[in-house]
Amino acid sequence: MQTFQINTKEKREATGDLFGIFFEDINHAADGGLYAELIQNRAFEFDPIDNKNYHALYAWMPCQLDEKNGQTDAADVSLTVLTESPYTKKNPHYLRITANSAAAGVKNLGFNSGIALEGGETYHFSCYLRKIDEPVTVKACLIGKEGQIYASCELTADASDWKKYTADLKIAEGTSCTDANLALVCMTPGSVEVDFVSLFPAHTYKNRPNGLRKDLCEMLEAMHPKFIRFPGGCLVHDGQLDENARDSMYRWKNTIGPVEERPARRNNWGYNQTLGLGYYEYFQLAEDIGAEPLPVLPAAYDPHHQRKVPLDELGPWIDDALDLIEFANGDESSKWGKVRAQLGHKAPFELEYLGIGNEQWQMDNTDFFARYKIFEQRIHAKYPEIKLIGSAGPDVTSNHYTDAWEFYRKEKKNNPNFVYAIDEHYYMPPQWFLEHNDFYDNYPRDIKVFAGEYAAHDPEINIAHVSKNNWKAGISEAAFLTGIERNADVVALSSYAPLFARVNYTQWAPDLIWMDENTSWGTPSYYVQKLFSKFRAESTLDLGDQIEKLRAQGIYCSAGETEDKTTIVKLVNTTDNEVSIDLENEEGKALTPVKETVMCAALTDYNCAKNPMCVAPKETVECSGKIKMAPQSFIIVEIK
């Protein structure tokens with residue numbers, strides 16, 4: 001029997017914005033994932049520069065509608081991708097369809113196995129058409145593998161200039177599928193040009209146009225994150241310095257306004273990025289889920305390919321940062337505040353945090369520290385209230401990390417506003433997280449920490465598969481997070497990475513949330529993060545020297561108090577034995593729990609589409625005075 005004493009009278013640090021989320025477009029997290037667009041390669045902009053297997057007609061195939069045989073790929077049609085006269089030069093490719101027989105055209109395969117359709121749902125269809133000679137009637141239809149048509153409309157391309165066509169396609173009640181295609185066929189022989197083909201479910205999250213996938217956003221909302229960091233990640237700094245290049249570095253101004261004017265770019269993770277999910281949508285998502293926005297901007301420096309803008313040419317990049325703050329916080333009388341209002345959001349987004357650089361570091365042939373100083377001086381001269389996040393390189397085990405801390409610490413002595421927090425990343429084996437539960441116990445308290453990217457990577461599983469998200473990883477992260485919570489006075493922000501992974505489109509695992517065409521599920525790590533956020537104490541409580549004694553026995557803990565005076569105790573038992581614990585206050589009086597929430601599983605267990613709740617929390621409302629912790633379990637105790 002263990003006795004666990006909690007000093008309920010001595011409150012320590014406020015937890016503030018401690019637990020948040022980090023979004024990066026990796027594993028098709030945006031296109032094919034959170035961004036609700038169902039058409040892949042909607043503007044024919046896929047290119048080998050994105051992925052060596054890509055071409056302008058990737059995800060598109062010839063299609064022939066046949067009354068007897070349904071649809072067939074053996075279509076009497078010619079498909080040609082052109083660039084001479086596009087709808088917009090920002091996305092210069094478009095498709096010419098020449099149908100040599102009636103009902104011939106093209107179909108889009110969607111992502112992976114097809115387009116998921118839900119019975120009773122309406123889908124907003126749109127495209128741009130232009131006639132070549134005579135007007136052509138185009139039939140747009142959602143079609144099954146056997147040729148069954150779920151919904152359709154007819155459009156007449158009768159203009160010599162580009163013209164946008166829209167229609168609502170309603171799926172009959174009780175009719176659902178996961179493998180539909182969108183077909184565009186000419187009802188009579190003839191030629192027509194097509195661009196920006198789009199299909200969105202009517203019911204996106206909050207029913208927003210150009211919106212986000214509802215089930216995924218609801219999973220994020222359920223986490224109660226205090227902030228969302230975006231858009232990356234290595235995605236931020238990878239690419240050419242020319243903002244007009246196809247593989248340019250990420251520039252936020254390219255991601256706002258009409259989607260047709262957002263230039264497609266090469267994604268750092270090996271696929272096309274439409275930028276349909278852009279900065280306006282990120283800010284809107286943060287507001288919708290009740291999170292602070294935390295954007296990260298490039299410092300005009302790519303550490304992986306040693307591309308960098310000279311220091312005396314940083315002006316446009318710093319202007320981007322200043323303009324972003326005005327876009328988020330300016331009133332309608334300001335240039336960029338007016339842009340935000342015109343996009344549909346008159347009120348400011350109340351931006352508080354801004355990151356400069358991701359996983360960037362100082363070396364003999366680089367000058368990141370000098371860059372950060374220039375950014376900081378210009379930003380704080382105009383916006384001293386903005387809390388800047390600095391970078392400490394890609395891990396916490398190298399000289400880059402220690403050099404960064406020395407730099408920030410030295411500068412902060414002369415300028416207290418120089419940096420708010422330093423972004424630290426660690427992807428380590430589960431054992432590391434257990435051994436470093438005390439990682440922040442003795443950290444200097446002069447600068448805050450942002451644990452911006454972390455996850456337990458089981459070295460025994462080397463595939464990009466859901467099985468990497470096993471309970472062994474989840475429980476080790478839970479143990480580590482008790483240490484982060486106890487040290488909320490120095491760790492101001494923390495977020496797991498990556499956030500999303502799409503089955504069959506995965507470059508990196510483990511991840512927090514997995515998805516396919518129409519389903520999504522949380523991993524054990526997701527539920528650990530969710531529980532730490534849901535049961536977030538407003539302030540921590542003193543646990544004295546018993547922390548080290550319990551840790552030596554494989555038990556990890558933290559405690560805090562909520563606004564309504566509920567004491568929250570988090571306990572992690574990483575042993576193979578059941579452990580009984582008596583809870584006492586500082587006077588030795590028993591504390592009786594009113595509710596327990598428990599996660600417990602075999603270390604190799606994981607969640608998947610067929611068994612999404614294999615490792616998930618279970619709640620007990622009526623509790624006894626004693627806490628019995630099962631082997632390999634994480635338990636949250638509420639005490640009134």
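This passage walks through the predicted model, from its overall build to a handful of individual residues.

The model is a prediction, so local features are reported where pLDDT is at least 70 and side-chain atom pairs where pLDDT is 80 or more, while totals for chains, interfaces and linings use all residues. Residues are numbered from 1 along each chain as its sequence is written, and side-chain values use heavy atoms, with hydrogens and water left out.

The protein contains 10 helices and 36 strands, where helices (H or I, at least four residues) and strands (E, at least two) are DSSP runs numbered from the N terminus. Its radius of gyration is 27 Å, close to the 26 Å that the globule rule gives for 640 residues, so the protein is as compact as a globular protein of that length. Here the radius is taken over C-alpha atoms, and the globule rule is 2.2 Å times the number of residues to the power 0.38. The C-alpha trace spans about 90 × 60 × 45 Å along its principal axes.

Of the 640 residues, 61% count as buried; buried means under 20% relative accessible area, exposed over 50%, and partly exposed in between (1.4 Å probe, protein chains only). The accessible surface comes to about 24,200 Å², with 47% of it belonging to carbon and sulfur atoms; accessible areas come from the Shrake-Rupley method with a 1.4 Å probe, and for residues only the protein chains shown count as cover. Contacts (heavy atoms within 4.5 Å) often bridge distant parts of the sequence: among those between residues at least 6 apart, 75% join residues at least 24 apart. The protein carries 64 positive and 94 negative charges, and the mean positions of the two sets are 2 Å apart. In that count Lys and Arg are positive and Asp and Glu negative, with His and the chain ends not counted; each charge is placed at NZ of Lys, CZ of Arg, CG of Asp or CD of Glu.

Turning to single residues, T575 sits in the loop between β31 (567-573) and β32 (579-585), and it counts as buried because its relative accessibility is 16%. The side chain of T575 makes a polar contact of 2.7 Å with the side chain of N573. A polar contact is a pair of N or O atoms within 3.5 Å; within protein, one must be able to donate a hydrogen and the other to accept it, and residues adjacent in sequence count only if both atoms are side-chain atoms. A polar atom of the T575 side chain also lies 3.2 Å from the backbone oxygen of N577. Beyond its neighbours within four places in sequence, T575 touches Q553, G554, P631 and Q632.

Another buried residue, S191, belongs to strand β14 (residues 190-201) and has 18% relative accessibility. Its side chain forms a polar contact of 3.1 Å with that of T98. With neighbours within four places in sequence set aside, S191 is in contact with I97, T98, I132 and V136.

E352 occupies the loop between α4 (335-343) and β21 (353-356). A polar contact of 2.6 Å links the side chains of E352 and K387. Apart from neighbours within four places in sequence, the contacts of E352 are D17, E292, E385, I386 and K387. The C-alpha atoms of E352 and P293 are 7.6 Å from each other, although 59 residues separate the pair along the chain. K382 is found in helix α5 (residues 368-382) and is partly exposed, at 47% relative accessible area. Outside its neighbours within four places in sequence, K382 contacts L322 and E326. K382 and L235, 147 residues apart in sequence, lie 28 Å apart from C-alpha to C-alpha.

Some backbone features also deserve a look. The peptide bond from F230 to P231 is cis, with omega near -5°, and P231 is placed in the loop between β15 (227-230) and β16 (265-266). The bond from A509 to P510 is likewise cis, with omega near 10°; P510 is in the loop between β26 (500-502) and β27 (513-515). The loop between β26 and β27 also holds N504, a non-glycine residue with a positive phi of about 75°. N504 is exposed, with a relative accessible area of 59%. N27, in the loop between β2 (21-22) and β3 (60-66), has a positive phi of about 60° without being a glycine. N27 counts as buried, at 0% relative accessibility.
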